[in-house]
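Visitor: Please take me through one part of this model up close: the contact between the chains. I'd like to know what it is built from and what lies around it.

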There are 2 protein chains.
Amino acid sequence: MTTLVKKEREKEDLKRRILDAARALFLEHGFERTSMRMIADRIGYSATTIYLHFKDKAAIFLALHSEAFQQMGVRMNALADVGDPLERLKAMGRVYIRFAVENPGLYDLMFIMEAPMDALQDCASPIWQEGQGVFDGLKATVAQCMAMGQLPKGDPEVMSFTIWSTVHGMAALHVRDRCYKVMSDTNRERILELGLEQFIAWLEGLGRK
Amino acid sequence: MTTLVKKEREKEDLKRRILDAARALFLEHGFERTSMRMIADRIGYSATTIYLHFKDKAAIFLALHSEAFQQMGVRMNALADVGDPLERLKAMGRVYIRFAVENPGLYDLMFIMEAPMDALQDCASPIWQEGQGVFDGLKATVAQCMAMGQLPKGDPEVMSFTIWSTVHGMAALHVRDRCYKVMSDTNRERILELGLEQFIAWLEGLGRK
DNA sequence: AAAAGTAGATAACAGTGTTAAGTGAAATGC
DNA sequence: GCATTTCACTTAACACTGTTATCTACTTTT
């Protein structure tokens, strides 16, 4: 029956429009300051209609969260063909920071917002699969660097965490505007770039001790 | 007039009680999920009374923000007598992480929450003085490390930012619960400690290249 | 043509931050 | 000693929030 298929498609279509509207509003005003009625208004429906497609506001957040991780995953996977592990690691850092700078709202959603994080207790949830994949990719690359003597030997997971912390710290201070007030005029604008390149230089130095 | 002084003291007293109640609630439920009525209930006043002592909810946030920075400042200043710059730098990192682990709510308030950050546009505001002081202390220590050859020469501000990013990244991933789901069982509980100690080992390696 | 199902809307509930108006007691002026 | 003013505080109200229950109008099935 074509009508059933059409119905299904229309349903998916509306779901998409809700997500698009919600993303735009979340990124502009933040999660807490975006109301269901605002989302509904933007797509010309009543607020309660959203509840026919999403359990609650947190469900919308989770859907966007998942989308964003897939997006980052795509960018990271695009680096799979960089043969040299250390070069790949460096590229991953640059891609990570660029993602945060180009999509501060999405980055916030993924790594900073606490909003409905409590709804995400299930570690096995598909929501975590994408994030896990990205982190596993980092671990694998770090392990390869260690195997080739480009990084000192140790626990790849611990080193991955430390590396992730550094780039996340930069991204988070940027996104939540915590560093620019204490920074000198000369460095303010380029501090993210300068900091990242210095960190990369450290990493390179770690190998050829 | 003793009565006037007494009045003034009672006023300060109530302000204190409001702040104490607000802090407890913010740390337990978060800023957005704490209402003025909840704060008022806890101290036995009506919600509107709070407005006689604080302009709005953001003003309470700012007062607590300031207090927390002073608290961290005290802990950092206590390290002033550590003579060796690199040892002092290492101690600062440990104090920073310990502060975040022991006071996750306060850390969130200081470096992660976006809540009424927009109300803090004035860089010269006294609110920023404490934070600036802590960052300047870090810069000075880094500069001394460079002067003594314990760290490679460069812009102390950039290196301070990179170091801060690393510890902030660890603290933020911890506070907002973003790392434990992707971490292996063996490292999950001690990852903060392990990551920090590895980072410290890196810093030591940077000097004696 | 009658019955069932359904996409969507309206109304309502308990809660939010915040302001305006009101209350009762203390301090002040004469 | 009494009237007036001041002031800490409360109640009432407004416009908003997420969410649920109920209702409407239309489509599909029988």
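Guide: Let's start with how the copies sit. A turn of 180° with a shift of 0.0 Å along the axis lays chain A on chain B with an RMSD of 0.1 Å (a least-squares fit on the C-alpha atoms of residues with pLDDT of at least 70 in both copies). The two copies are therefore related as by a two-fold rotation axis.

A quick word on the ground rules. This is a predicted model, where local features need pLDDT of at least 70 and side-chain atom pairs count only at pLDDT 80 or more, while totals for chains, interfaces and linings use all residues. Residues are numbered from 1 along each chain as its sequence is written, and chains are lettered from A and ligands numbered from 1 in the order in which they are written.

Now the contact itself. Chain A puts in 41 residues and chain B puts in 41 residues, where a contact means that two C-beta atoms, placed from the backbone, lie within 7 Å. The copies meet through the same surface, because 100% of the interface residues of chain A are also interface residues in chain B.

On chain A's side, the helices α6 (104-112), α7 (126-147), α8 (156-175) and α10 (191-207) each supply at least two residues. The largest share comes from α8(A), with 12 residues. Helices here are DSSP runs of H or I with at least four residues, strands are E runs of at least two, and both are numbered from the N terminus. In total, chain A has 10 helices and 0 strands.

What kinds of residue does chain A bring to chain B? There are 20 nonpolar, 13 polar and 8 charged ones. Ala, Val, Leu, Ile, Met, Phe, Trp, Tyr, Cys and Pro count as nonpolar, Asp, Glu, Lys and Arg as charged, and the others, Gly among them, as polar.

Next, look at α6 in chain B. Helix α6 of chain B (residues 104-111) is largely enclosed by the rest of the structure, because 6 of its 8 residues are buried. Those are B:Leu106, B:Tyr107, B:Asp108, B:Leu109, B:Met110 and B:Phe111. Buried means that 20 or more other C-beta atoms lie within 10 Å of a residue's own, exposed means 12 or fewer, and partly exposed is in between. Across chain A, 35% of the 209 residues count as buried.

In soluble globular proteins, nonpolar side chains tend to be buried together. Here, the largest nonpolar core has 103 residues (a core is a set of buried Ala, Val, Leu, Ile, Met, Phe, Trp, Tyr and Cys residues joined through C-beta atoms within 7 Å). The residues with the most contacts inside this core are A:Ile97, A:Tyr107, A:Ala171, B:Ile97 and B:Ala171. Leaving out residues up to four places away in sequence, A:Tyr107 touches A:Phe99, A:Ala100, A:Ala171 and A:Val175.

Finally, the DNA. Around strand D there are 16 residues, the closest being A:Ser35, A:Asp56, A:Lys57, B:Ser46 and B:Thr49; a residue is near a strand if its C-beta atom, placed from the backbone, lies within 6 Å of it. Both chains take part: α2 (36-43) and α3 (47-50) of chain A and α3 (47-50) of chain B give two or more residues each. The most, 3 residues, come from α2(A). For strand C, the largest share, 3 residues, comes from α2(B).
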